[in-house]
Amino acid sequence: MKNIRYLIILALAMAGCETTIHPELNSAEQIVVVDAWVNQKPERQEIRITRSQPYFENANPTKIDGASATIEDLNNGTIYNFQEGETSYYWDPVNEPLGVVGHAYRLTVTVEGETYEAYSRLGRVPAIDSIEFQFNRKTLIINQDHYTAQFKALEPEGVGDTYWIKAWKNGVYLGKPGELNMTYDAGFTPGQSVDGQQFIIPIRKDFVNPLDENPDKKNEFLPPYLVGDSLYVEIHSIDRAAYEFLFGVYFQISRPGGFAELFAMPLANSTTNLQNIDKNSRKNIAGFFNVAAVSSRGQKITQEIAEKAKKSSD
């Protein structure tokens, strides 16, 4: 009861405080950050090696020059050497994509005399069977007839597959914190026994229908999709460590703001699978390494598709 009384007093004190303060914060140590999310898409694969920045710095991080990065297939010995470019380190596929499903991979990065390693296994990924649109009448919060979308994909049998599902509306990535869509098999977490079936409805539907506020009207939202709009979806296989990393990122960037921050998770770097090979080194590192297989599908709402969706709703 005493603790509750103190919290109430603190809340009342904060509610009456309107003074703007500008605290001087100590500069945090700059550490190496490795962004190594590579995949089997037939396009240039990039690894970004930068330094951490102050929390309030509003600028893109710049590449650390003179580093090196290689990925080794631990099953067949293939080595992918990444070349230094203007903004990143890159590898271009020539005859075939990077990696083989089921193989294990080691990333080796050398930066300013320090060498770091990380490991990832390239997991399987289900094909996306279709993208469907449903007609919806206008509501109190969406003041016009509109369409909602969902994708259909049959998750393969066998417990323990993890995925990162990404979506683009009209070519624009749905990348808000609330749109991060990670799955364990066909559900959200290991505690859900959903395996070898269609992804559950929140995964295949809720995360691919953006609900953006209408800038012209308060308490109203823009329609998720109208005729002429398109949806493109990718499923990326990730290993269990990457799944945990992305959930850590989600909790760090989904901040409640205001008074609720007193009870929120403290800000901290997400976990990393990168390790310094020199066990005695005190150099810290952040970032992550994952090798992904990718399936994809896109669909545009043509007039014909719109009419069929409208008829099926009647």
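Gly123 is buried, with a relative accessible area of 11%. In this predicted model, Gly123 belongs to the loop that connects β7 and β8. Beyond the residues up to four places away in sequence, Gly123 is in contact with Val101, Ser237 and Ala293. Val101 is 22 residues from Gly123 along the chain, yet the two C-alpha atoms are 5.6 Å apart in space.

One end of that loop leads back to β7, and β7 is part of an open sheet of 9 strands. Read across the sheet, the order is β14-β7-β6-β3-β4-β5-β2-β1-β15, and the pairing is mixed. β14 (275-276) and β15 are the edge strands, each of them pairing on one side only. The link between β1 and β15 is parallel and consists of 8 bridges. Within this part of the sheet, Val38 stands opposite Val291 of β15.

Which elements give two or more residues to the largest nonpolar core? They are β1 (32-39), β2 (45-51), β3 (68-73), β4 (79-84), β5 (89-91), β6 (104-111), β7 (114-121) and β15 (285-292). This core has 27 residues, and those with the most contacts inside it are Val34, Ile47, Ile49, Ile71, Phe82, Leu107 and Phe289. Phe82 can serve as an example. Setting aside residues up to four places away in sequence, Phe82 touches Val38, Gln45, Glu46, Ile47, Ala69, Ile71, Tyr89, Tyr90, Trp91 and Leu98. A second core, separate from the largest one, has 24 residues, and Ile131, Phe133, Leu174 and Leu231 are among them.

The other end of the Gly123 loop leads to β8. Strand β8 (residues 128-136) pairs with β9 in the antiparallel sense, over 8 bridges. One of the residues in this pairing is Ile128, whose bridge partner in β9 is Ala153. Is β9 mostly covered or mostly uncovered? It is mostly covered, since 7 of the 8 residues in β9 are buried.

Two residues of β9 show what surrounds this strand. His146 lies in β9, which spans residues 146-153. With a relative accessible area of 4%, His146 is buried, because buried means under 20%. A polar atom of the His146 side chain lies 3.0 Å from the backbone oxygen of Gln144. Apart from neighbours within four places in sequence, His146 is in contact with two stretches of the chain: Gln134, Phe135, Asn136 and Arg137, and also Pro223, Pro224, Tyr225 and Leu226.

Gln150 is also in β9. At 17% relative accessibility, Gln150 counts as buried as well. The Gln150 side chain makes a polar contact of 2.7 Å with the side chain of Arg204. Arg204 appears again among the contacts of Gln150 that leave aside neighbours within four places in sequence, together with Ser130, Ile131, Glu132, Lys205 and Val208. Ile131 has already been named as a member of the second core.

Val208, in contact with Gln150, is also one of the residues that line the largest cavity. How many cavities of 30 Å³ or more are there? The count comes to 1. About 40 Å³ of space lies in the largest cavity. Its lining consists of Ile165, Lys166, Ala167, Tyr173, Leu174, Glu179, Asn181, Phe207 and Val208. Strand β10 (residues 162-169) gives the largest share of this lining, with 3 residues. Leu174 of the lining is also included in the second core.

How values were computed: Residues numbered from 1 in each chain as written. Predicted model: local features only at pLDDT ≥ 70, side-chain atom pairs only at ≥ 80, totals over all residues. Heavy atoms only, no water. Helix = DSSP H or I, 4+ residues; strand = E, 2+ residues; numbered from the N terminus. Buried < 20%, exposed > 50% of the residue type's maximum accessible area, 1.4 Å probe, protein only. Polar contact = N/O pair within 3.5 Å; in protein donor to acceptor, adjacent residues only side chain to side chain. Contact = heavy atoms within 4.5 Å. Core = buried A, V, L, I, M, F, W, Y, C linked by side-chain atoms within 4.5 Å. Pairing = 2+ DSSP bridges. 1 Å grid on protein atoms, 1.4 Å probe; cavity = no way out; pocket = protein on both sides within 12 Å on 5 of 7 lines; lining within 4 Å. Points joined across faces, edges and corners; volume = space filled by probe spheres on them.
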